[in-house]
Amino acid sequence: MGGIRPQRLTDVGRGGFGDTWRLPLRGSGGAELARVLGGGVVPGSMVLIGGDPGVGKSTLLLQVASMLADLSSSAPVVPGTQVNGLDDMTGDLELNVASVLYVSGEESIQQIGSRAERMGLAGNDNIFLFSATRLQDILAEIISMQPAAVIVDSIQTVYLDDVNGSAGSVSQVRECATALLHIAKRHDIPIFLVGHVTKSGDIAGPKVLEHIVDVVLYMEGEKHQSFRLIRGIKNRYGAIEEVGVFSMNEKGLEAVANPSALFLTHRDSSPGVSSAVTVQMEGTRPMLLEVQALCSPTQSKEGMPMRFPTGVSRDRFNLITAVLAKHARLKMHAVSIHTNVVGGMTMSEPANDLAIAVAIASSYYEQPIARDVVCIGEVGLGGELREVGRVEQRMLEAAKLGFNTFVVPATHALPTTSRLLGVRIIRCKHILEALKAVLGTGHSSASLAAPADMPQDPFFDEEETFDD
């Protein structure tokens, strides 16, 4: 145990734990990642990053290595922490943050160098590449170099000699992660681990791996889409469920300044599509999402109608269609329904229910929705609209992008901020009220009655209007 001794809590926190405690990540991309991490990289922390193969985990961490290697050679130190293996009770020592060790068990150093050259990072003298899988060798280099940070790509490729099983086995992953954790805490060196994922999307290895580390980030993105999401699943130093939005290009990952505008970019180019806009909370960030719907009549000889809820939870989708059939009298049994959340995003909270329901009804009746409408609310089994959290914050985000009509549950109080003056707020108690308020408000030559080739429905008649 050497010089490790118990310390008073008052001594440990004497210097405070503000922003200067964390290692900053520079640039817009660094700021976006730091947001997910809780403000920066905590010395001595261990961060696990998972994601599908090819999503960009190695690219991200090479950029992180460059950001940390670009820091000055002197950084503030919290009194009571370890600095280069020494106890600093006064905060007078300096931490050498001029080097980052990148350990790869999957790629050769030439492959990593080629990627760095493509990304414009090959000229950084403070990044050290080390191709190794034997953890004893890796630990020896960490202790010898005392780098500012360590990246291990990946935890499933390293092994310890005295542990049974091959690299990637449950016992090897657990023991290797534990050994790295001891080094991180003992020497106050942040360590980033890359974790493989299984077919079900979980990080491979024992579940205890996620308990060992301090932070778990998951990188998401469709292969045919340029944007990537980095989502916080666990964070001992900040809020969970925070999301960073990035765009992938040949230079690596770049932060997206306005994610909401990104996902609505081509909305005006397809006015005939039945779609609705909602605002989803990703951690503390409100994000506008568009859900499209398509209802197509099913002929009797075709059998059961199909359901394709892309980007929408199948359970929530089934609930919403059941409510529309029961309380809005849509003949769901006679149509196949497709939904799609634009940009490959996933709607993950009940506040999106109303937008999904409205989009489906819009396609069913071929009644368009005005382009400036945002629908926010949970749909209950009785067709009632239920209150959701942070409605005012959601509305403010939508108002920035020019949306000025909001359909919300009647239980929500009117906003108090002056920044929402002039917007129209439609408060509805039931799904029927919401449908009457928004269907037919867009530009279309369709009649108010259900089209001839769609199931006739008693919900609307020829004299029905949508004026409130």
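How closely do the axes of helix H5 and H6 come, and at what angle do they cross? I shall begin there, after a word on the model.

This is a predicted model, in which local features need pLDDT of at least 70 and side-chain atom pairs count only at pLDDT 80 or more, while totals for chains, interfaces and linings use all residues. Residues are numbered from 1 along each chain as its sequence is written, and side-chain values use heavy atoms, with hydrogens and water left out.

Helices (H or I, at least four residues) and strands (E, at least two) are DSSP runs, numbered from the N terminus. Axes are lines fitted to C-alpha atoms, for helices over the stretch in contact, and angles run from 0 to 180 degrees between N-to-C directions.

To the opening question, then: the axes of H5 (residues 135-145) and H6 come within 11 Å and cross at roughly 5°. H5 is therefore roughly parallel to H6; angles under 35 degrees count as roughly parallel, over 145 as roughly antiparallel, 65 to 115 as roughly perpendicular and the rest as oblique. On the H5 side the contact (heavy atoms within 4.5 Å) is made by Leu135, Leu139, Ile142 and Ile143, and on the H6 side by Cys176, Ala179, Leu180, Ile183 and His187. These residues divide into 8 nonpolar, 1 polar and no charged. Here Ala, Val, Leu, Ile, Met, Phe, Trp, Tyr, Cys and Pro count as nonpolar, Asp, Glu, Lys and Arg as charged, and the others, Gly among them, as polar.

Two local backbone features come next. Asp153 and Ser154 are joined by a cis peptide bond, with omega about 10°, and Ser154 lies in the loop between S6 and helix H6 (170-187). In the loop between H6 and S7 is Asp188, which is not a glycine yet has a positive phi of about 55°.

I turn to the sheet. It is open, has 9 strands in the order S5-S4-S6-S7-S1-S8-S9-S10-S11, and its pairing is mixed. Two strands pair if DSSP finds at least two bridges between them. Strand S5 (127-131) and strand S11 (252-255) are the edge strands, each pairing on one side only. From one strand to the next the twist averages 25°. Within the sheet, S6 (residues 149-153) and S7 (residues 191-195) pair in the parallel sense over 3 bridges, and Val150 stands opposite Ile191 in S7. Helix H2 (residues 27-37) packs on the sheet, touching S1, S8, S9, S10 and S11, and its direction makes about 145° with that of S10.

What does Arg285 meet in a salt bridge? Its partner is Glu32, at 2.9 Å, N to O; a salt bridge is a side-chain nitrogen of Lys or Arg within 4 Å of a carboxyl oxygen of Asp or Glu. Because Arg285 lies in strand S13 (residues 285-297) and Glu32 in helix H2, the pair ties together parts that are 253 residues apart in sequence. By this rule the count comes to 14 salt bridges.

Finally, helix H10. The axes of H9 (residues 314-327) and H10 (residues 353-365) come within 10 Å and cross at roughly 55°, which makes H9 oblique to H10. The H9 contact with H10 has 6 nonpolar, 1 polar and 2 charged residues. The axes of H10 and H12 (residues 431-438) likewise come within 10 Å and cross at roughly 55°. In that contact, Leu354, Ala357, Val358 and Ala361 of H10 meet Ile431, Ala434, Leu435 and Val438 of H12, and the residues divide into 8 nonpolar, no polar and no charged.
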